Amino acid sequence: MPGAAATYDLGKLHGGLRLDARKSQATGLPIQSPPLPDQLVLPLEQHVGDPAQPLVGIGERVLKGQLLAESPGTLGAPVHASSSGKVVAIGPWPVAGRRGDTAPCIVIECDGDDQAVESWEEPIPYAELPGDTVLRKILQGGIVGLGGAVYPTAQKLMQAVSCDLDYIILNGAECEPYISCDDMLMRERAHDVVGGAQILLRALELDHAFIVVESDKPEAIQQLATAMTEVGDERLSLKQIPTIYPSGGEDQLVQLVTNREVPSGGLPTDIGCLVQNVGTAVAIHDWLNNREPLISRITTITGDGIANPMNVRARIGTTIDDIARFAGGYTKSARHLVIGGPMTGKSVSTDRVPLVKATNCILVMSDVPAAGPELPCIRCGDCAAVCPVRLLPQQLFWYACADDETQLRDHGLTDCIECGCCDLVCPSHIPLTYDFRMAKARIRELDDEKARAERARRRFEARNERLQREQREREVELARQKDQARKAGPDAIAEIMKRRRRDDGD
Amino acid sequence: MEFEHREAPHMAPTADVATMMQQVLLALVPAAVAHVWFFGPGLIFNLLIATAACVGGEALMMRLRGRPPVRALSDYSALVTAALLAFALPSLTPWWVTATGALFGIIVAKHLYGGLGFNIFNPAMAGYVVVLVAFPMHLNLWVAPRMGDIDYQFLSVLQTLTYTLTGSLPDALTYDEISRATPLDAMKSGLNDMRTTVEIRSLPIMGDFGGVGWEWIGNFIAIGGFWLMIRRVIRWHIPVGVGVGLLIPAGIMWLASPGTEPSPGFHMFSGAALMCAFFIATDPVSAAASPKGRLIYGAGIGFLIYAIRTWGADVDGVAFAVLMMNMAVPAIDRITRPRIVGHRRDAGAP
């Protein structure tokens with residue numbers, strides 16, 4: 001019943017690319033479950049915000065689902081044990097992180113029993129609870145955005161509550177090549193996607209949710225359409241969008257679905273939309289219904305460097321080498337390991353990095369065809385033609401080379417979403433995305449420096465002002481006392497002098 | 001296992017400067033064949049000389065700038081410059097004229113400005129203008145196209161080669177015997193002599209729209225240009241801009257006074273207008289960057305071609321039109337910056 005998913009053509013995305021999807025190599029098999037690993041490595045920072053602080057010590061036995069670490073700040077997510085076992089180490093471990101190549105992790109030696117904690121309550125009757133109670137329950141599940149941005153879901157929802165929202169948009173676009181974990185999830189668990197959408201509607205007390213899927217996933221669309229017909233919830237609708245990268249970017253998806261543009265520097269909630277990945281919706285569903293916190297996720301392990309590409313549902317903390325072994329091991333040509341998709345993923349040098357909440361794809365590639373030497377920009381403008389944000393990458397590149405901060409800002413460097421489209425079409429093979437990332441980092445540094453200088457300046461001025469004020473007050477007080485003494489006459493002055501002498505004598 | 005690091009995106013690039021330039025050269029082949037058919041083998045000699053000068057000049061300049069010459073030569077851009085210059089020159093052109101234009105284009109217009117990507121002016125047009133000013137007599141010597149007349153004296157391959165190498169005609173021939181006015185020349189001088197366009201169009205050198213031979217070369221240029229558009233080597237904005245900029249004023253004037261104004265079709269199919277629209281103005285380096293900017297840039301060139309042909313001293317005006325609009329590019333880029341998604345329309349503009 002694919003006809004149920006109408007193709008809406010409300011918004012139009014500027015640019016973008018039709019990429020060779022290469023997804024089918026991993027979608028031949030149903031989602032596989034690798035065996036429990038001997039060891040789990042759980043980074044304390046698997047989310048945007050403050051790293052979680054460990055609540056357990058080395059040598060302690062932990063159970064599956066047990067809370068291991070909690071974020072102290074206002075933004076963060078807890079980390080749960082993905083299986084039962086003994087904590088053997090808490091310390092740095094290689095990761096595919098945003099801030100560096102190693103990060104503090106809790107290492108668990110699994111005992112193989114997979115014994116779960118019993119403390120979790122019964123399924124939460126979210127349909128009967130008020131929205132804010134549901135939100136508080138979601139908070140405990142350790143759920144973060146599973147599309148890759150890993151923003152703590154509960155906080156995202158809580159921030160959204162205060163906004164004037166119209167729609168919830170469930171992102172099932174999955175526009176990057178190779179990745180098919182959301183596709184497989186929607187095929188196999190369409191009912192739970194729908195259930196997750198209903199929970200979100202309940203939590204935010206809204207009436208419209210769109211489930212948005214790219215047109216190259218007919219099976220997923222069919223399953224969702226069937227599930228939605230069975231559930232018969234009129235608040236939900238299914239939208240099919242054209243297969244153009246990067247239509248799955250949050251702002252780009254909002255633009256496609258609603259024809260509204262997220263203001264520069266703003267969030268989709270500013271224009272009435274809340275976007276959640278379909279995987280996140282299922283994670284919320286699993287947490288509230290099955291009382292399972294986020295201790296596993298579906299990930300695609302694929303590429304010509306892996307023997308049997310597939311989708312696996314693996315425990316968070318499983319190291320990549322374990323998953324690769326399950327997928328038949330590496331082929332002889334394996335040369336690069338990318339965590340994430342081929343457009344935005346991060347290349348890592350070792351497969352000892354763990355699967356984290358953000359890992360939607362493990363891409364093992366042979367040699368990427370050499371791009372040839374970098375040539376000067378010939379201003380062909382192809383980069384501007386494909387930029388989904390309508391930037392002029394060739395101008396930005398010019399200013400990035402010149403380190404011209406004013407022009408970089410003026411030309412919207414901070415609006416760049418680093419999708420990599422410009423890079424791919426550049427006939428001069430200029431690593432534009434990398435250059436822009438570096439330029440952004442420099443601008444951030446400058447901003448920090450400016451902020452520090454500004455704080456120092458304000459402190460200095462405040463101190464000067466305080467000193468001057470005190471000086472003025474002292475002078476006024478002195479003048480007042482003098483005046484008073486003069487008015488009191490010579491006897492009083494003599495009295496004061498005498499008292500002062502006596503004070504000095506003591 | 002250990003892996004090699006690389007930066008995202010992890011996919012092979014879809015385009016390549018050398019491939020683009022090769023496609024431009026390939027797209028010129030039909031027009032070149034037509035040119036040789038109608039005007040004799042001179043174009044081939046001009047191409048060879050221009051290529052030798054461009055490649056030599058580029059290698060020399062790269063060496064002087066302390067860079068490996070291979071890197072510049074392997075992008076084929078010097079060959080495109082050579083081809084465009086050769087097409088602009090009459091089929092009978094002494095080698096030093098061709099070489100001067102080619103060397104000026106590559107050395108001064110391209111490398112003194114920083115090489116590929118940094119030149120403000122289209123190198124081929126800059127080179128052409130220099131020889132137009134330096135050797136005006138040679139650049140006005142066009143042979144007649146092959147058009148079925150029996151009394152016309154065609155030069156043989158050997159005679160053409162001799163002229164190219166020595167600049168002198170065979171003893172028995174004079175310039176007057178082999179040179180003919182180009183359609184644009186004939187139109188301009190005819191109108192100056194107070195003849196009507198109908199009279200001028202009835203000359204034997206005139207074809208359906210432009211001149212005999214010229215318009216066929218124009219057809220093949222357009223075919224090559226459309227192929228480049230399909231291959232996405234060039235986009236439609238500049239060709240359409242040039243067409244609109246040239247045809248609209250030409251059309252208005254022609255409708256107002258058909259007896260004294262040549263038709264838009266004549267303008268389009270004469271001289272280098274089509275060559276300019278598809279191959280010269282579309283040089284990305286010296287053109288405006290954004291789609292809107294390219295429409296303006298192209299329209300400016302089209303209008304200037306019309307203006308120079310109608311009111312100027314130069315007969316064709318393509319080279320000057322292109323160079324003038326090259327100068328306007330920074331301003332065009334500034335006023336045509338697209339609105340960034342998520343910004344208000346007034347924001348982001350200068």
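Two strands count as paired when DSSP finds at least two bridges between them. By that rule, the predicted model has an open sheet of five strands in chain A, lined up as β13-β12-β16-β14-β15 with mixed pairing. The edge places go to β13 (310–315) and β15 (346–348) of chain A; each has a single partner strand, so one side of each is left without a neighbour in the sheet. On average, neighbouring strands here are turned by 30° against each other, direction ignored.

Zooming in on one pair, β14 (residues 336–339) and β16 (residues 361–365) of chain A run antiparallel and share four bridges. A:Ile339, for instance, has A:Ile362 in β16(A) as its bridge partner. Over on β12 (296–302) and β13 of chain A, helix α3 (residues 181–188) of chain A lies across the two strands, at about 125° to β12(A).

Then there is the contact with chain B. The size of an interface is often given as the accessible area lost when the parts come together. For chains A and B that comes to about 4600 Å², with 59% of it on carbon and sulfur atoms. Chain A brings 61 residues to the contact and chain B brings 39 residues. Six salt bridges cross the interface of chain A and chain B, and one salt bridge joins the side chains of B:Arg339 and A:Glu261 at 2.8 Å, N to O. Polar contacts link 28 residue pairs across this interface. On the chain A side, the elements that each supply at least two residues include β14, β15, β16 and α13 (432–488). The residues of that side split into 31 nonpolar, 17 polar and 13 charged.

Methods:
Residues numbered from 1 in each chain as written. Chains lettered and ligands numbered in written order. Predicted model: local features only at pLDDT ≥ 70, side-chain atom pairs only at ≥ 80, totals over all residues. Heavy atoms only, no water. Axes fitted to C-alpha atoms, helices over the stretch in contact; angles between N-to-C directions. Contact = heavy atoms within 4.5 Å. Buried area = accessible area lost by both parts, 1.4 Å probe. Salt bridge = Lys/Arg side-chain N within 4 Å of Asp/Glu carboxyl O. Polar contact = N/O pair within 3.5 Å; in protein donor to acceptor, adjacent residues only side chain to side chain. Nonpolar A, V, L, I, M, F, W, Y, C, P; charged D, E, K, R; others polar.
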